[in-house]
Amino acid sequence: MTGVLFLGLFVALGLAVAKQPLGIDLTVTGAFQGLWRGTFGNLTKIVSDLLGLVLPAAAVAGLLVGAILAWYRGLRREALIVVRVLVVYGAARLTSWLGKPIFVRERPRAYAEFSYPSGHVVAIASTALAATLLCRWLAPALTRRVAVGSGLLTVLVALTRLVLGVHWLSDTVGAVLGVLGVGLLAAAVVRLLPGPVPERRSLPL
């Protein structure tokens, strides 16, 4: 199963970098050395927090409201799909909350909490996965666009974390691997995967 593969890669990478950074980690961190200071760093932090913290929180709030409204209007199928998507999102977010104390990796510079995986990247990647699943079931025509767009946002958040010097490159890669691993497994459990989207009348509830 794809989810198991991604989860295995996440754990393997975490174990490999827990004690010391990879060569590519040192190279990338060195390339961004000191950019977090000054105006550019302040602007980067704003972008990082908006996309990596505020946007995911707003998306979850929107999904909760949408599920409640859909249920109230009698759209039980749509409401239950949104609830399942929220379950997948919540499971994927656990990647960061559980991973950090397990791998206990130090940051590139003095900063709160542990480093692996990046919490900001986990948050936006979880949002990207949730948005893609939601479109797959409720707006299939938009799935590819949403997947590409949210994927680019994930890359952008990862880049901001590197510019700010608070994460190694492998922290951001591990975040995506963890989200895909846990998220796809959760999606399979709540029957959002696998296979083609069934007709509305035949969707299991």
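Reader: Is R77 buried or exposed?

Author: In this predicted model, R77 has a relative accessible area of 10%. Buried means under 20%, so R77 is buried.

Reader: Which residue forms a salt bridge with R77?

Author: The partner is E78, and the closest N and O atoms of the pair are 3.6 Å apart. The cut-off for a salt bridge is 4 Å. E78 counts as buried too, at 15% relative accessibility.

Reader: How many salt bridges does the structure hold?

Author: There are four. Another of them pairs D25 with R105, with 3.0 Å between the closest N and O atoms. D25 belongs to helix α2 (residues 23–31), while R105 sits in the loop between α4 (76–103) and α5 (119–138), so this salt bridge ties together parts 80 residues apart in sequence. Both residues are buried.

Reader: What does R105 do with D171?

Author: Their side chains meet in a salt bridge, at 2.7 Å from N to O. D171 lies in helix α7 (residues 169–189) and R105 in the loop between α4 and α5, so the pair links parts that are 66 residues apart in sequence. The relative accessible area is 0% for D171 and 2% for R105; each is buried.

Reader: Which residues are joined into one network by salt bridges that share partners?

Author: The network consists of D25, R105 and D171. R105 is bridged to D25 and to D171.

Reader: How should I read a charged side chain such as K100, and where does it lie?

Author: Start with its place: K100 lies in helix α4. Then check burial and the distance to an opposite charge. K100 is buried yet has no salt bridge. The nearest side chain of opposite charge is E113, 4.7 Å away; the salt-bridge cut-off is 4 Å.

Reader: Which residues does K100 touch, leaving out those up to four places away in sequence?

Author: The contacts include E113, R107 and H167. Also among them are F114, S115, Y116, P117, S118 and G119.

Reader: At what angle do α4 and α7 pack?

Author: For a helix pair, take the angle, the axis distance and the handedness in turn. Here the angle is about 150°, and the axes are 8 Å apart. The crossing of α4 past α7 is right-handed.

Reader: Which residues make that contact?

Author: From α4 come V88, A91, A92 and T95; from α7 come G178, V179, V182, G183, A186 and A187. By class, seven are nonpolar, three are polar and none is charged.

How values were computed
Residues numbered from 1 in each chain as written. Predicted model: local features only at pLDDT ≥ 70, side-chain atom pairs only at ≥ 80, totals over all residues. Heavy atoms only, no water. Helix = DSSP H or I, 4+ residues; strand = E, 2+ residues; numbered from the N terminus. Buried < 20%, exposed > 50% of the residue type's maximum accessible area, 1.4 Å probe, protein only. Lys, Arg positive; Asp, Glu negative; His and termini not counted. Contact = heavy atoms within 4.5 Å. Axes fitted to C-alpha atoms, helices over the stretch in contact; angles between N-to-C directions. Left-handed = near helix turned anticlockwise from the far one by under 90°. Nonpolar A, V, L, I, M, F, W, Y, C, P; charged D, E, K, R; others polar.
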